[in-house]
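Visitor: Hi, I have just opened this one and would like a short tour. Could you put it up for us?
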Amino acid sequence: MTRSSAILTAALPERGPMREQFELTSHDGAGRCGTFDVPRADVTVETPALLPVVNPHVQTLPPAELESTFGAQILITNSYIIHGSDDIREPICEQGLHDFLDFSGAIMTDSGSFQLAEYGEIDVTTEEILSFQHEIGSDIGTPVDIPTPPDVSYERARDELQTTQERLELAETIDTGEMLVSAPIQGSTHPALRTDAATHARQTTLDMFPIGAVVPLLNEYRYADIVDLVAAVKDGLGQAGPVHLFGAGHPMMFALAAALGCDLFDSAAYALYARDDRYLTVRGTRHLEDLTEFPCSCGVCTAHMPAELEAMDDSDRHDLLARHNLAVSFAELRRVRQAIRAGRLMELVETRVRGHPTLVDGFRALLEHDNWLEGTDPVAKDTFFYLSAESARRPEVIRHHNRLARLETPQELLLTEGSHSESFEESWRLIPPFGPVPRPLSDVYPLTAELPNNLDRAAYESAARGVCQLIKTNPDTSMTVYHDGWPDEALSMLPDAVTVERLGETHSNSSEPTSDESEPTHSYSTASETDQ
């Protein structure tokens with residue numbers, strides 16, 4: 001996949017009405033909180049949400065405990081396994097899935113597509129499996145889609161996508177009563193096909209939108225590719241309904257996935273990793289044998305030491321590790337939801353991606369979709385924190401640069417990191433990473449930013465881009481920049497027409513450029529929103 005071809009260059013358009021079961025309550029960038037009504041279960045799921053994967057044969061933790069102890073509002077199990085099992089099919093058909101699992105929340109069922117990807121064939125059709133899912137009491141059913149793996153030819157991906165789309169159209173015709181039906185979105189690692197698939201799915205009457213066949217990418221830590229594929233899906237889907245990132249169950253990437261606008265995540269990792277003595281954290285995975293202390297305050301970690309778990313038999317040890325893994329996963333999603341409500345999701349992402357270099361790649365890929373992020377990012381939040389070079393590319397900075405094109409300038413203008421100078425007709429503040437800021441617009445988000453005293457080069461280069469934007473739209477203005485030690489790389493970006501001087505170095509009279517001690521350059525107020 002060529003990443004540059006996947007970058008969205010326009011703000012996310014509205015793509016038709018949102019599904020009536022889904023309501024958005026908060027936005028931060030493309031991240032969103034919402035409610036997802038599941039009528040057959042009479043349950044409202046708060047999103048972003050985690051769906052623990054429950055094997056109907058081997059339940060690592062009882063589903064009732066997933067609900068009562070961990071707060072699970074929804075889970076996912078596999079209807080294809082149930083359909084093919086002589087041991088549990090009849091009891092589930094008689095009792096219903098909710099009673100069999102002892103779970104009162106919403107239950108989503110997969111169709112066997114995972115088995116299709118693993119083994120190459122399954123012995124049920126879309127019509128058969130959707131009817132069976134309805135019969136056993138599933139609340140959200142899934143058709144049999146074709147999970148095309150990454151990196152296959154465009155032709156193969158296109159042909160298999162056509163089969164999936166035909167099955168989605170068939171699913172629309174099947175009477176499933178109150179059971180919601182998902183519309184899986186395929187297309188391999190071809191962004192154009194993912195966008196086409198999402199557009200087709202949006203045009204159906206189906207209810208939610210799983211992004212399929214990303215597990216191989218997750219296993220290979222290809223987060224930048226995942227970002228581009230999800231962005232391509234969102235381009236075709238708009239705000240139509242809840243988006244489920246199939247197989248994304250590790251808490252280290254929940255914040256990044258939520259920042260992409262994904263609403264649902266399913267996790268088998270809590271159980272699978274526990275059976276391999278692996279311990280999940282928001283910064284990655286640790287082997288139990290490598291831990292001397294537990295870096296967590298969940299019930300398992302406060303009651304036990306790693307050596308105690310190592311000494312237990314397999315069943316008890318795996319049970320406790322699974323409980324920890326679930327606890328850290330649900331805690332991270334609570335943290336993500338609160339960050340969205342508080343307008344701090346991007347800062348959480350900046351922190352979380354430091355857990356692995358490929359997550360940094362994913363975050364940088366996300367920021368390349370800057371106009372898309374800016375299109376849904378709130379114009380007012382709490383204080384902007386500059387945490388890393390990536391902060392210079394956040395939607396708030398891009399928005400400020402875009403708005404500079406609307407501002408009129410006087411014939412002569414000083415842009416300064418210091419105080420106002422009487423030698424110029426007018427002076428504006430010069431605030432990395434934002435660039436030029438008219439002084440009357442200095443008290444509104446995001447220019448109330450908190451910045452480190454020692455900024456990185458990216459902040460100054462971003463400010464220089466802001467200066468270039470202002471000059472581009474006001475070519476007849478004579479501009480002077482007074483800077484307080486900008487790096488040469490940022491200064492070299494300024495047009496030749498700009499007069500550049502360093503504060504405190506050039507003049508000996510009262511017009512000498514000086515730093516303004518009363519206006520510290522590391523704590524700023526933002527522009528008034530009068531230009532909205």
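Guide: One term before we start: two strands are said to pair if DSSP finds at least two bridges between them. Please also keep in mind that this is a predicted model.

Visitor: Okay, so how many bridges join S10 and S11, and in which sense do they pair?
Guide: Strand S10, residues 243-245, and strand S11, residues 264-267, pair over two bridges in the parallel sense.

Visitor: And what stands opposite Leu264 in S11?
Guide: That is His244.

Visitor: In what order do the strands of the sheet come?
Guide: The order is S4-S11-S10-S9, four strands that form an open sheet with parallel pairing. At the edges are strand S4 (49-52) and strand S9 (209-211), each of which pairs on one side only. On average, and ignoring direction, neighbouring strands of this sheet are turned by 30° against each other.

Visitor: Which helix packs on that sheet?
Guide: Helix H15, residues 314-342, packs on the sheet and touches S4 and S11, while its direction makes about 160° with that of S4.

Visitor: Switching topic, how do the axes of H10 and H17 cross?
Guide: The axes of helix H10 (residues 223-237) and helix H17 (residues 357-367) come within 7 Å and cross at roughly 30°. Angles under 35 degrees count as roughly parallel, and H10 and H17 are therefore roughly parallel to each other. Their crossing is right-handed.

Visitor: Which residues meet there?
Guide: From H10 come Tyr223, Ala224, Val227 and Asp228, and they meet Thr358, Leu359, Asp361, Gly362, Ala365 and Leu366 in H17. Sorted by class, this contact of H10 with H17 has six nonpolar, two polar and two charged residues.

Terms used
Residues numbered from 1 in each chain as written. Predicted model: local features only at pLDDT ≥ 70, side-chain atom pairs only at ≥ 80, totals over all residues. Heavy atoms only, no water. Axes fitted to C-alpha atoms, helices over the stretch in contact; angles between N-to-C directions. Parallel < 35°, antiparallel > 145°, perpendicular 65-115°, else oblique. Left-handed = near helix turned anticlockwise from the far one by under 90°. Contact = heavy atoms within 4.5 Å. Nonpolar A, V, L, I, M, F, W, Y, C, P; charged D, E, K, R; others polar.
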